[in-house]
Amino acid sequence: MGSSEVDEDQLLKSFLAEVSEAERDNEVLRILGCFKLNPFEHLKLSFDSSPDEVKKQYRKLSLLVHPDKCKHPQAQEAFAALAKAQQLLLDPQERGYILDQVTAAKEELRAKRKKELKKDSASKIKSLVDEGKYEEQFERSDEFQQQLIIKVREILTEKEWRRRKMQMRISEEEGRLKKDEEETKEMWKRKREHEEKWEETRDQRVCFWRDFMKTGKKGRKGEIKPPKLKTEDPNKSYVQRPVKRN
């Protein structure tokens, strides 16, 4: 470890020793009040911060709100938020995604400013004379940086909303497919049960058929038959068949 790093660690320890409990509580509230989709805000870093700057800032802020050092009831929650922010910004894919949205936000703001400059002749002339330096200076201003933060929030919010809607549709489709699959399985199950019962009663059906072939259409002895119609009765009224007594 170099002497510069030792000096920096000593400076950090000295700083933390001077921090009051109120300042720790305020930092907890600041972290929890940050826009949740922008890890740069949690760590109080600009969008062009390097991975090394991310690590240093995380170490500083995490010690400030560490549950062992901070008595605030939500210190653990703030500490976890900082850890997640660092994880996202050190992941190349996640960091790249966020920076892509920053680029898109800058392009929107530049297009908007270009339209505004068309209405302001003096600013337009100054921009042309300075060969872009006027715009570069503006983009480094606090005004532009604040606009950029707000625009990034808008874009990230829209992207997240679309992602959640898509996820909801995917979940609904998966649920529908699962339901169809379960209904199909139940249908085949009932069909198999029917076939099994049909096969189980095969011998019984064969016996019934043989009995029928032997007896024909004649009824069995003692079987009650329906009443016959009087053929000579034009109204075809029913008559009672005499009951055979043994």
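Trainee: Which area does the protein chain expose, in Å²?
Mentor: This is a predicted model, where local features need pLDDT of at least 70, side-chain atom pairs count only at pLDDT 80 or more, and totals for chains, interfaces and linings use all residues. Residues are numbered from 1 along each chain as its sequence is written, and side-chain values use heavy atoms, leaving out hydrogens and water. Carbon and sulfur atoms supply 52% of the accessible area (Shrake-Rupley method, 1.4 Å probe). In total, the protein chain exposes about 19,900 Å².

Trainee: How many helices does the protein chain have?
Mentor: Going from the N terminus, its elements read α-α-α-α-α-α-α-α-α-α. Helices are DSSP runs (H or I) of at least four residues, and strands are E runs of at least two. The strand count is zero, and the helix count is 10.

Trainee: What share of the 246 residues counts as buried?
Mentor: Buried means under 20% relative accessible area, exposed means over 50%, and partly exposed lies in between (1.4 Å probe, protein chains only). Of the 246 residues in the protein chain, the buried share is 23%.

Trainee: Is asparagine 38 buried or exposed?
Mentor: Look for asparagine 38 in the loop that sits between helix H2 (21–32) and helix H3 (39–42). Leaving aside residues up to four places away in sequence, asparagine 38 touches Phe47, Val152 and Leu156 (contact means heavy atoms within 4.5 Å). Because its relative accessibility is 1%, asparagine 38 counts as buried.

Trainee: What distance separates the C-alpha atoms of valine 19 and leucine 64?
Mentor: Valine 19 sits in the loop between helix H1 (3–18) and H2, and its relative accessible area of 13% makes it buried. Not counting residues up to four places away in sequence, valine 19 touches Arg24 and Leu64. Although valine 19 and leucine 64 are 45 residues apart along the chain, their C-alpha atoms are separated by 8.1 Å.

Trainee: What is the relative accessible area of lysine 119?
Mentor: You will find lysine 119 in helix H6, which covers residues 92–119. Lysine 119 is exposed, and its relative accessible area is 76%.

Trainee: Is glutamate 200 buried or exposed?
Mentor: Glutamate 200 belongs to helix H9, made of residues 142–200. Since its relative accessible area is 64%, glutamate 200 is exposed.

Trainee: Among contacts between residues at least 6 apart in sequence, what share joins residues at least 24 apart?
Mentor: Take the contacts in the protein chain whose residues are at least 6 apart in sequence. Among these, the share joining residues at least 24 apart is 61%.
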